[in-house]
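Let's take a walk through this fold, starting with its cysteines and then moving on to how its sheets and helices fit together. Keep the viewer open as you read.

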Amino acid sequence: MTQGPVLIVGAGHGGFQVAMSLRQLGFKDRICLINDERHLPYQRPPLSKAYLKGTGGPDTLMFRPEKFFADQKIELIGDRAVAIDRTAHWLKLASGTSLDYGHLVLATGARNRLIDIPNASLPNVRYLRILDDSEDLRRRIAASKRVVVIGAGFIGLEFAATARFKGLEVDVLELASRVMARAVTAEVSEYFQARHAEAGVRIHLGVQATAIEASGDTVTGVSLDDGRHIPADLVVVGVGVLPNIELAADAGLPVGSGIIVDEHLLTADPDISAIGDCALFKSPRFGGSLRLESVQNATDHARCVAARLTGDDRVYDGMPWFWSDQGDDKLQIAGLTTGYDRVVMRGDPARKAFSAFCYKGDKLLGIESVNRAGDHMFGRRFLPTDRALPLEHAADSNFDLKKALA
């Protein structure tokens, strides 16, 4: 069991979960949660969906009220970590304060990837990652008529659906040949592209923004590489994220496309762990190393680290799952489908409820479900077993998937 204070850098899903799990597991020493935002720790998924659409205040997103942290003796420190002294076991904060640690958990998350085109820094060119971004966009949506969304990934399409719901004219630009191309099968892409089109969203594939058009500081549109110009008074960018690895790198810890950790989520320093979006972790289940961006990954990482710090050391072996709410449709994904070579459909896209079972040979890699929560929950239970599911059973809606779990 770890001796001495545990410092957690980052108060997102992963950081909060480490602190809470440590107390639940009986950890008695000091816990400090370093939070560089002005809000109490909060849920992030609603920021591009329900929260952006609604009228509720920030309190509706908070994991727990302030009293919870006081009662649990979890110290919330509103500051930013700027340096690690690994020899002295000190964490230096932007305010000039230094904190000593027995173990340090880096849950530094990721930041938006920025676009580099003319006028990209104008006030009405926005990104969506944190609560302040969502609050800002609420106001700008109310004052706008036409929005161009750059990027047709989860965040871009979730925002597009919300903006359309709010009555804006919406154009989505995507460099790839289909929406969500890096995340889902062609079958699921096709369905969501059609659904957004039905809602009045215009999607432009195989194009790239070359400039933000403006009159002074006012956005007037977006220029494309095919010569077209799309009018807009608001531009929202969602072209991926970059992991926040600088704190670790400056401390001499190995980094790559994330902070490098082993299968126990430990860095090269046995007194420092890294979890969540910032962690490039070794995965015995999938082979090689992975960096995943999801609530499940962050919270399961957190529980694994908290268990280790309280005496239950284990290999991290979580089964990834993801979701995205777009308009009236819910997309849920269980597993990782990289390398699939065949798709078996279950259900009917025409009825707005189906799943794509993704296989490599005879091995089921993952399940992408649209408005079929039962298939998704089956996947989350079945995939960790590494059993075989015959393709004909996956395709047969009359086959009871529960039998495969027996």
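A disulfide is a pair of cysteine sulfur atoms within 2.5 Å. Keep that cut-off in mind as you look at this predicted model, because the sulfur of Cys 32 is 19 Å from the closest cysteine sulfur, which belongs to Cys 278, and that is too far for a bond. Cys 304 has its closest cysteine sulfur in Cys 278 too, at 14 Å, so a bond is ruled out there by distance as well. Search the whole structure and you get zero disulfides. As for their surroundings, Cys 32 is buried at 0% relative accessibility, and Cys 304 is buried too, with a relative accessible area of 4%.

Now for the parallel sheet. Five strands make up this open sheet, in the order 3-2-1-7-19, and their pairing is parallel. At its edges are strand 3 (74-78) and strand 19 (272-274); each has a single partner strand, so one side of each has no neighbour in the sheet. Going from strand to neighbouring strand, the average turn is 20°, direction ignored. Over at the strand 19 edge, three bridges pair it with strand 7 (residues 103-106) in the parallel sense. If you want a landmark there, find Leu 104, which stands opposite Ile 272 in strand 19.

What packs on this sheet? Helix 1 does, touching strand 1 (6-9), strand 2 (31-35), strand 3 and strand 7, and its direction makes about 165° with that of strand 2. Helix 8, for its part, lies across strand 1, strand 7 and strand 19 and runs at about 175° to strand 7.

These two helices also meet each other. Helix 1 (residues 13-24) packs against helix 8 (residues 295-309) at an angle of about 35°, and their axes are 8 Å apart. The crossing is right-handed. Helix 1 brings His 13, Gly 14, Gln 17, Val 18, Ser 21 and Leu 22 to the contact, while helix 8 supplies Val 295, Ala 298, Thr 299, Ala 302, Arg 303, Ala 306 and Leu 309. Sort those by class and you have seven nonpolar, five polar and one charged residues.

Next, look at strand 26 (residues 363-370) and its partners. How much of strand 26 is buried? Seven of its eight residues are, so to speak, under cover. Strand 25 (residues 353-360) runs antiparallel to strand 26, with seven bridges joining them, and Phe 357 stands opposite Ile 367 in strand 26. The hairpin these two strands make has two residues between the strands, and Gly 361 takes a positive phi near 65° in it. Strand 23 (residues 329-335) pairs with strand 26 as well, antiparallel over five bridges. Here Ile 333 is the residue standing opposite Glu 368 in strand 26.

One more sheet to go. Strands 13, 14 and 15 form an open sheet in the order 13-14-15, with antiparallel pairing. Strand 13 (209-215) and strand 15 (229-231) take the edges, each with a single partner strand, so one side of each is left without a neighbour in the sheet. The twist from one strand to the next averages 30°. Zoom in on strand 14 (residues 218-224) and you'll find three bridges joining it to strand 15, the two running antiparallel. Ser 223 stands opposite His 229 in strand 15.

Terms used
Residues numbered from 1 in each chain as written. Predicted model: local features only at pLDDT ≥ 70, side-chain atom pairs only at ≥ 80, totals over all residues. Heavy atoms only, no water. Buried < 20%, exposed > 50% of the residue type's maximum accessible area, 1.4 Å probe, protein only. Axes fitted to C-alpha atoms, helices over the stretch in contact; angles between N-to-C directions. Helix = DSSP H or I, 4+ residues; strand = E, 2+ residues; numbered from the N terminus. Left-handed = near helix turned anticlockwise from the far one by under 90°. Contact = heavy atoms within 4.5 Å. Nonpolar A, V, L, I, M, F, W, Y, C, P; charged D, E, K, R; others polar. Pairing = 2+ DSSP bridges.
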